[in-house]
Amino acid sequence: MSTRSKLVVVGASLAGIRAVEGARKAGFDGSISLVGAEQHLPYDRPPLSKAFLEGPCDPPYFRSESEIADELDVRLVLGAPAEKLNASERTILIGGEEISYDGLVIATGATARSLPNAKDLQGVHTLRTLDDAIAVREALDAGARTVVVGAGFIGSEVASGARKRDLPVTIVEANPTPLVRSVGEVMGDACSALHLANGTDLRCGVSVESVEGNSRVERVRLTDGTVLEADLVVVGVGAEPATQWLEGSGLELDNGIVCDENLATTVPGVYAAGDVARWYNPIFGRHMRLEHWSSAAGQGAAAGAAAAMPECAQPFETIPYFWSDWYDSRIQFVGVPDCDEVEIVLGERDSGSFVALYRSEDRVAGVLALNKQREIMKFRALIARRASWSDALSFARTRQQLATKGTA
Ligand SMILES: Cc1cc2nc3c(=O)[nH]c(=O)nc-3n(C[C@H](O)[C@H](O)[C@H](O)COP(=O)(O)OP(=O)(O)OC[C@H]3O[C@@H](n4cnc5c(N)ncnc54)[C@H](O)[C@@H]3O)c2cc1C
């Protein structure tokens with residue numbers, strides 16, 4: 001039986017809906033309010049830069065309104081951004097109304113960065129929300145010539161969606177290769193082959209000088225003097241944790257909401273989950289803020305249970321994992337990309353299907369798989385048990401032998 005009776009979850013997306021489900025699953029029978037800034041029911045974001053851009057596709061809602069209201073017994077407050085947290089009174093200000101809580105989960109995610117001086121032009125978009133995806137899809141429906149700024153996961157997936165419709169697309173990336181931050185330069189270079197093979201004009205090592213047009217975007221000028229004609233510009237240059245509304249609340253903010261291993265913030269009764277949380281991950285012995293689906297889902301469930309029933313609090317530990325779909329290929333990564341060496345251990349770099357291991361000192365720290373879906377989780381187990389580099393290489397040899405025999 002919980003000592004708490006009123007749970008509020010701010011942020012009605014993946015971590016938020018999982019927080020609500022986690023609280024109910026733990027047996028919490030008090031009141032729950034789920035507060036979201038957007039008008040939409042909670043929806044899933046990964047499809048927005050994939051199937052949703054390729055053609056007609058329903059919004060990827062997690063649950064219907066009646067499932068949320070009736071089955072989960074949750075009061076939904078949508079189109080209502082939380083404006084202020086008063087931690088000493090345990091209240092949140094929303095649209096002039098104060099909502100009180102005794103347990104709170106903050107799951108406000110991240111906000112896409114935009115390009116200064118470009119965001120007021122029509123045809124220039126980021127891709128974070130369902131409304132963004134609808135606008136980008138409409139532009140692709142109209143046959144837009146597309147320039148994508150940033151060759152990270154989202155930018156690369158947008159390019160892939162445009163090429164699947166046979167539309168011209170150019171990616172402009174300031175770094176020497178795509179995905180430098182997420183998988184490092186060596187494997188980023190290997191992934192760039194997918195763009196080239198699918199007719200995307202990938203330009204690395206150059207930046208955007210200006211995005212120009214009258215009321216609509218007409219062209220993008222690059223720092224090397226190139227001018228690209230464009231009807232659609234999608235800016236994929238990362239995201240910032242959505243913590244502005246928490247300034248001055250007493251929560252420790254430092255590239256996200258700082259949490260302990262249980263996802264508890266520095267303020268009693270307040271937990272954080274998902275892209276907004278920078279929590280202590282016991283497996284790696286350090287604080288991390290991830291922007292990955294699986295960690296947001298897991299953290300949401302854990303933080304919801306802990307905020308509603310403090311006796312359920314337990315450390316949340318995970319090995320980071322994400323995937324991304326480019327053209328008809330799947331890229332998957334587990335672990336961390338900080339490393340001393342990267343070695344392809346299964347398949348070949350140019351074969352379009354391989355597994356690469358990342359070495360940090362004498363341990364395996366990360367694994368990248370390109371079109372090797374059945375392998376990645378087997379290698380993830382190596383990181384979980386802190387396998388040495390030589391153990392990881394010998395495991396890879398075994399997998400290679402099984403693959404050669406056709407029994408893997
Ligand atoms: C287009 C796209 C594609 C992706 N693809 C992949 C993928 O292939 N693989 C992968 O691993 N990950 C992917 N991700 C990342 C993954 O979707 C995120 O990690 C996940 O959505 C994070 O969930 P969250 O609930 O923490 O935050 P979010 O999903 O960002 O949700 C936060 C919610 O809080 C709301 N909010 C913000 N401020 C307030 C406020 N003050 N008051 C009330 N509500 C507020 C926002 O409107 C939003 O609805 C993708 C992300 C995007 C945007």
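Where does Asp 166 sit? Select Asp 166 and you'll land in the loop between α5 (153-164) and β11 (169-173). Keep in mind that this whole model is predicted.

**Stop 1: an unusual backbone angle**

Stay with Asp 166 for a moment. Most residues other than glycine have a negative phi. Asp 166 isn't glycine, yet its phi is positive, near 65°. Turn on a surface and you can see this residue from outside: Asp 166 counts as exposed because its relative accessible area is 60%, and exposed means over 50%.

**Stop 2: the ligand and its surroundings**

Now click on the ligand. How many residues surround the ligand? There are 31, and the closest are Ser 13, Glu 38, Arg 45, Lys 50 and Arg 128.

Some backbone atoms are worth picking out here too. Show the backbone of Ala 15, and you'll find one of its polar atoms 2.9 Å from an oxygen atom of the ligand. Then go to His 292, where a backbone N or O atom is 3.3 Å from a ligand oxygen. At Trp 293, a backbone N or O atom lies 3.1 Å from an oxygen atom of the ligand.

**Stop 3: Lys 50**

Pick Lys 50 out of that list of closest residues. You'll find Lys 50 in the loop between β2 (31-35) and α2 (51-54). Is Lys 50 buried or exposed? Buried: its relative accessibility is 13%, and the cut-off for buried is under 20%.

Show the side chain and look for the backbone oxygen of Pro 46, which lies 3.1 Å from a polar atom of the Lys 50 side chain. Beyond its neighbours within four places in sequence, Lys 50 is in contact with Glu 157, Trp 323 and Asp 325. For a sense of scale, draw a line from Lys 50 to Ile 171: they are 121 residues apart in sequence and 17 Å apart in space, C-alpha to C-alpha.

**Stop 4: Glu 21 on helix α1**

Next, select residues 14-25, which make up helix α1, and find Glu 21 within it. Which residues does Glu 21 touch, if you don't count those up to four places away in sequence? Arg 63 and Leu 72. You can also draw a line to Ile 68, which is 47 residues from Glu 21 in sequence but 9.4 Å away in space, C-alpha to C-alpha.

**Stop 5: a hairpin**

Switch to cartoon view and select residues 82-86 and 91-94. These are strands β4 and β5, an antiparallel pair held over four bridges. To see one matched position, pick Leu 85, whose bridge partner in β5 is Ile 92. The hairpin has four residues between its strands, and Arg 90 has a positive phi near 55°.

**Stop 6: a three-stranded sheet**

Move along to β13, β14 and β15. Together, in that order, they form an open sheet with antiparallel pairing. Which strands stand at the edges? β13 (208-212) and β15 (227-229) do; each has a single partner strand, so one side of each is left without a neighbour in the sheet. Look along the sheet and you may notice the twist: ignoring direction, neighbouring strands are turned by 20° against each other on average.

Zoom in on β14 (residues 219-222), which is joined to β15 by three bridges. Select Arg 221 here, and then its bridge partner in β15, Val 227.

**Stop 7: helix α8**

For the last stop, select residues 373-384, helix α8, and colour its buried residues: Glu 375, Ile 376, Phe 379, Leu 382 and Ile 383. Why do they lie on the same side of α8? Because they cover an arc of only 105° around the axis. That set packs against β23 (329-335), β24 (341-348), β25 (353-360), β26 (363-370) and α9 (389-405).

Pick Glu 375 from the group. Its relative accessible area is 7%, and it is buried. Show side chains and you'll see Glu 375 joined to Arg 399 by a polar contact of 2.9 Å.

Finish at Arg 386, in the loop between α8 and α9. Its phi is positive, near 50°, and Arg 386 is not a glycine. With 46% relative accessibility, Arg 386 counts as partly exposed.

Methods. Residues are numbered from 1 along each chain as its sequence is written. This is a predicted model: local features need pLDDT of at least 70, side-chain atom pairs count only at pLDDT 80 or more; totals for chains, interfaces and linings use all residues. Side-chain values use heavy atoms; hydrogens and water are left out. Buried means under 20% relative accessible area, exposed over 50%, partly exposed in between (1.4 Å probe, protein chains only). Helices (H or I, at least four residues) and strands (E, at least two) are DSSP runs, numbered from the N terminus. The arc is that of the directions from the helix axis to the C-beta atoms. Contact means heavy atoms within 4.5 Å. Two strands pair if DSSP finds at least two bridges between them. Axes are lines fitted to C-alpha atoms, for helices over the stretch in contact, and angles run from 0 to 180 degrees between N-to-C directions. A residue is near a molecule or strand if one of its heavy atoms lies within 4 Å of it. A polar contact is a pair of N or O atoms within 3.5 Å; within protein, one must be able to donate a hydrogen and the other to accept it, and residues adjacent in sequence count only if both atoms are side-chain atoms.
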